[in-house]
Amino acid sequence: MASKVIQALYNDDDVLMHAVKKVRAAHHHIEEVYTPFPVHGLDKAMGLEGTRIAITSFLYGCLGLAVAIVMMNYIMIEDWPQDIGGKPSFSYLDNMPAFVPIMFEMTVFFAAHLMVITFYLRSRMWPFKKAENPDKRTTDDHFLMEIGVHDNENELADLLWETGAVEVKVTEKES
Amino acid sequence: MYTFSNKLRIGSFIAMALGVIFLAIGFVSTPSTVEEAKAMVASAHGDGHGEAHAEEAVSHGEDQGHGAEAAHDASHDEHLLHQLQNRPWSALYVAAFFFFMIALGVLAFYAIQRAAQAGWSPLLFRVMEGITAYLVPGGIILFVILLLSTLHMNHLFVWMDADTVAHDELLQGKAGYLDTTFFLIRAAIFLGGWIFYREYSRKLSLAQDEANDNSNFVKNFRWSAGFLVFYLVTESMMSWDWIMSLDPHWFSTLFGWYVFASMFVSGITVIAMVTIYLKSKGYLENVNNSHIHDLAKFMFGISIFWTYLWFSQFMLIWYANIPEEVTYYVARFQDYKLPFFGMLAMNFIFPLLVLMNSDYKRVNWFVIMTGIVVLFGHYLDVFNMVMPATVGDQWFIGLPEIGGILFFGGLFVFWVFTALTKAPLQPKRNPFIEESRHFHY
């Protein structure tokens, strides 16, 4: 919709934080903020929702635990209950202490890896992905706030200059 | 300044009085002769079980011939008598150790916070110092119980019985270490060192409030680091002396760590509970829910650490199944199924599921509820460490056990909250106090 965006560059994260609060207070929708490092509290200032990735991780862990139990119960107890060194293979519970290290590791493995993959999918990251970076300086020492323009270019530019921007520019957004 | 609420004070007195009565009933109702012991067990088990047991004993005796039967029965009966006589003593000892261990765990946590120069916890230092005040009465009572054991007032420690040692080569081999005089000297050194650090650190902590420079703080930092080294060694030896030597034929390498994890998590839990209580009364206005969140994280993490050690000790012994080691767990599996596995649910599964969520760790009643379960779980942990060695299958959580909890719980609350009234609850000029006031996670 908004093909035109206004981009304000800052060179300090404190200034950026105040700018974000000010722009939000003026009821402009911030489309994106690019920073070279995590700015503590930026998500709160922008009013972003909390992540739910920990919940997915918990569920993946449960899945991993289930996989470990089903696998070892089938292999060690049901399919071929051999006597290996006198260990009781009569039921899963009888021999459970020996399975705990695997149950633990599988839980951690599933929880960790599936969560990371979820993170990549959700944040659209993969090899050969084209970098979405409006300005190279934002990977080094500049912070960039991007706001959609709806026929209010001058008003927005004034507001952004007021918040301490070192550079304000209006560009056509690709895609 | 904190003022001890009258309700709590009266409550602690009532608990102590009830505890004394229950313990007294426990001591009075122990059998003094073999016949009484047999009668007690027969009546307690009811008709069906008692008769079946008697028949079994008869058939067992017939197989072995008459001479062996008489000797075997006599020794069996005497063993039973000792177990029943041990019960109130064990109940006393378990509760005395449990509450002492809480104070000691808090002391270790306190020393770590000082040595690590933690920025979040200085607001809670006075709470921790209040709890560790219990080291003095708790330590003295424990020492007296150990002293009475060496004076043969009870049969808690079998290696203290010269007659038993004379017939037991394993105990003779350990006699160089398990010697009553040496045992008491060690106990005195442990207790003296811990109490000295507690009192001295408290003195420096209070002096820092009035000082013009940070020399007291720096001194406290050095003493805390030194104490942690001393504590590491003495805590391990204490666990061999006071707990592991109840089963003098058995040994385990990571036992000291295991006891440490138990006391550490109980101590942190009590810090969280006392903090929440004082905050709810409006005494700790600078403590916010991020402090509670941190304490709850410690409860969560150390609960899992405890489980890790519990399982490591159990699984290694179960897996190798060497007879001299495995008897320890056989006794607990056969006679202590419910407390043994119940404690695992209370100390691991419950905190794991309840305290995993970051939001729940900030909710006071969640932390208190988990704390209560964890504390009962760790009481059971001590119970499981002590009771199988002293009373065997004659255990029950009845009047003497509840009396022990009530008495020492009451004493603990009384002593801790009295100590809290002695100094302002917020340190004045700790270098980290501003950071702690603004701590936010």
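These notebook entries record what I looked up on backbone angles and salt bridges in a predicted model.

**Entry 1. Positive phi in chain A**

I looked for residues other than glycine with a positive phi. Arg124(A) has a phi near 50° and is such a residue. I placed Arg124(A) in the loop between helix H4 (96-122) and strand S3 (143-148) of chain A. Its relative accessibility is 53%, so I noted Arg124(A) as exposed, the cut-off being over 50%.

I then turned to Phe128(A), which is not a glycine and has a positive phi of about 70°. Phe128(A) is likewise found in the loop between H4 and S3 of chain A. I recorded a relative accessibility of 87% for Phe128(A), which counts as exposed.

**Entry 2. A salt bridge in chain A**

I noted a total of 18 salt bridges over all chains. I examined a few of them individually.

In chain A, I looked up the pair Lys129(A) and Glu132(A), whose closest N and O atoms are 2.9 Å apart in a salt bridge. For Lys129(A) the relative accessible area is 27%, and I entered the residue as partly exposed. Glu132(A) has a relative accessible area of 56% and is exposed.

**Entry 3. A link between two helices of chain B**

In chain B, I found a salt bridge between Asp77(B) and Lys38(B), with 3.2 Å between the closest N and O atoms. Asp77(B) belongs to helix H3 (residues 66-115) and Lys38(B) to helix H2 (residues 34-64) of chain B, so this pair ties together parts that are 39 residues apart in sequence. I also checked the burial of both partners. Asp77(B) counts as buried at 12% relative accessibility, whereas Lys38(B), at 42%, counts as partly exposed.

**Entry 4. A buried pair and its network in chain B**

I next took up Arg126(B) and Glu129(B), whose side chains meet in a salt bridge at 3.0 Å, N to O. The two residues lie three apart in helix H4 (residues 125-132) of chain B, which means that about one helical turn separates Arg126(B) and Glu129(B). I read a relative accessibility of 2% for Arg126(B), which counts as buried. Glu129(B) counts as buried too, at 1%.

Which residues are joined with Arg126(B) and Glu129(B) into one network by salt bridges that share partners? I found Arg114(B), Arg202(B) and Asp209(B) in that network.

Key: Residues numbered from 1 in each chain as written. Chains lettered and ligands numbered in written order. Predicted model: local features only at pLDDT ≥ 70, side-chain atom pairs only at ≥ 80, totals over all residues. Heavy atoms only, no water. Helix = DSSP H or I, 4+ residues; strand = E, 2+ residues; numbered from the N terminus. Buried < 20%, exposed > 50% of the residue type's maximum accessible area, 1.4 Å probe, protein only. Salt bridge = Lys/Arg side-chain N within 4 Å of Asp/Glu carboxyl O.
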